[in-house]
Amino acid sequence: MSGAIKPRVAIQSDDFDTAAEIARLTSGRHDIGAVVTFSGLCRDEAGTLQALEIEHYPEMAAREITSIAGEALGRWPLTGLTVIHRYGMIRPGENIVLVVAASAHRRAAFDAAAFLMDYLKNAAPFWKKEHLVSGAASGWVEAKSTDAAALTRWQEIEK
Amino acid sequence: MSVKLVYFAWVRERIGKGEEIIDLAPSIVTVGDLLSHLKTRGEEYEAALEYQDVIRVAINQEHVDHKTPIGGAHEIALFPPMTGG
């Protein structure tokens, strides 16, 4: 069943429209009982952050996200899956990433969206650099060990 | 063997360029050998690759570990742990 579904993967500097992305997966269909969306936004770190600059490895980013999305489609009975990741200069309050997972039932949609985000954080070639309001030297965001630990959970759960 | 190297984030900043093509001696077999070799190319490389174990590597746009042989690679990317999402 999942073999026929192709994920929609987009890597873009432009913003995305979450409602439009949901509609893209659901319009004209009557077999979908659950749509889970995850949106990742840029926060201002208590007013200290002016912008996040997101660098990426274009060819590999598309390939890696498509491969992770394919894994999710193989693991859960989804009717549709969308992943959008932005790059470039992103201001507090703006969108960074979107995952939309649609399925007949909620459990598959929730789990697939969470799985996608955990894998994206660890394996998709994007790097965030912080630009501060104070004008102090900007620095690269460090990877969190809790993000790596989140992956182990999926490897332990029975498929 | 000549190979294209691409660098990202602070690896790119410390080396001072985004990509380059270099010739590799046959004695450079694995990713680990390549990293050790690059560190001899100057202090900017030494600064970028100081903590060699944290450097992530992709060959032909696929993640690999430091023990992987680099034969057949046309593009090798070096970068810090990823912070997307």
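**Figure 1. N122(A), a buried residue of helix α3.** At 17% relative accessibility, N122(A) counts as buried, because the cut-off for that class is under 20%. The model shown here and in the other views is predicted. N122(A) sits in helix α3 of chain A. Its side chain reaches two backbone oxygens. One belongs to D118(A), at 3.0 Å. The other belongs to D147(A), which lies 2.8 Å from a polar atom of the N122(A) side chain. Leaving out residues up to four places away in sequence, N122(A) touches D147(A), A148(A) and L151(A) in chain A, and R56(B) and M82(B) in chain B.

**Figure 2. The interface of chain B and chain A.** On the chain B side, 22 residues are in contact with 24 residues of chain A. About 1,900 Å² is buried between the two chains. Carbon and sulfur atoms give 54% of that area. Within chain B, Q61(B), T83(B) and G85(B) lose the most area to chain A. Together these three account for 37% of what the chain B side buries.

**Figure 3. Polar and charged pairs across the interface.** Between chain B and chain A, 16 residue pairs are in polar contact. Five elements of chain B each supply at least two residues to the side that touches chain A: β1 (2-7), α1 (9-15), β3 (56-59), β4 (62-64) and β5 (75-79). Helix α1(B) gives the most, with four residues. By class, this side of chain B has 11 nonpolar, six polar and five charged residues. Three salt bridges are counted between the chains. In one salt bridge, E62(B) meets R63(A), with 2.9 Å from N to O.

**Figure 4. The largest nonpolar core.** This core has 36 residues. Those with the most contacts inside it are W76(A), L81(A), V99(A), F115(A), L116(A) and L120(A). Elements of chain A that give two or more residues are β2 (34-41), β3 (49-56), α2 (58-75), β4 (78-86), β6 (95-103), α3 (106-123) and α4 (145-156). Helix α3(A) gives the most, with 10 residues. Beyond its neighbours within four places in sequence, L81(A) is in contact with ten residues listed here: P7(A), R8(A), L25(A), A69(A), A72(A), L73(A), V99(A), V100(A), A101(A) and L116(A). Another core lies apart from this one. That second core has 34 residues, among them W140(A), I15(B), I28(B) and I76(B).

**Figure 5. I65(A), buried in helix α2.** I65(A) lies in helix α2 of chain A. Its relative accessible area is 0%, so I65(A) is buried. I65(A) and V83(A) are 18 residues apart along the chain, yet their C-alpha atoms are separated by 7.7 Å. V83(A) is also one of the residues that I65(A) touches. The others, not counting residues up to four places away in sequence, are V9(A), I11(A), H85(A), L120(A), A124(A) and F126(A).

**Figure 6. Y87(A), in the loop between β4 and β5.** Y87(A) is found in the loop between β4 and β5 (88-90) of chain A. At 28% relative accessibility, Y87(A) counts as partly exposed. E53(A) is 34 residues away in sequence, but its C-alpha lies 7.3 Å from that of Y87(A). Setting aside residues up to four places away in sequence, Y87(A) touches I11(A), Q12(A), S13(A), I54(A) and H56(A).

**Figure 7. Salt bridges within chain A.** Over all chains, the count comes to 15 salt bridges. R43(A) pairs with E45(A), the closest N and O atoms being 3.0 Å apart. R43(A) is exposed, at 55% relative accessibility, whereas E45(A) is partly exposed, at 33%. D111(A) and R107(A) form another salt bridge, at 3.8 Å from N to O. These two are four residues apart in helix α3 of chain A, so about one helical turn separates them. R107(A) is exposed, with a relative accessible area of 52%. R8(A), E21(A) and R24(A) are linked in a network of salt bridges.

**Figure 8. The R41(B) and E20(B) salt bridge.** The side chains of R41(B) and E20(B) meet at 3.3 Å, N to O. R41(B) lies in the loop between α2 (31-38) and α3 (43-48) of chain B, and E20(B) in strand β2 (residues 19-23), so the pair ties together parts 21 residues apart in sequence. R41(B) is partly exposed, with 36% relative accessible area. E20(B) is buried, at 10%.

Terms used. Residues are numbered from 1 along each chain as its sequence is written. Chains are lettered from A and ligands numbered from 1 in the order in which they are written. This is a predicted model: local features need pLDDT of at least 70, side-chain atom pairs count only at pLDDT 80 or more; totals for chains, interfaces and linings use all residues. Side-chain values use heavy atoms; hydrogens and water are left out. Contact means heavy atoms within 4.5 Å. Buried area is the accessible area (1.4 Å probe) that two parts lose on being put together, summed over both. A salt bridge is a side-chain nitrogen of Lys or Arg within 4 Å of a carboxyl oxygen of Asp or Glu. A polar contact is a pair of N or O atoms within 3.5 Å; within protein, one must be able to donate a hydrogen and the other to accept it, and residues adjacent in sequence count only if both atoms are side-chain atoms. Ala, Val, Leu, Ile, Met, Phe, Trp, Tyr, Cys and Pro count as nonpolar, Asp, Glu, Lys and Arg as charged, and the others, Gly among them, as polar. A nonpolar core is a set of buried Ala, Val, Leu, Ile, Met, Phe, Trp, Tyr and Cys residues joined through side-chain atoms within 4.5 Å. Buried means under 20% relative accessible area, exposed over 50%, partly exposed in between (1.4 Å probe, protein chains only).
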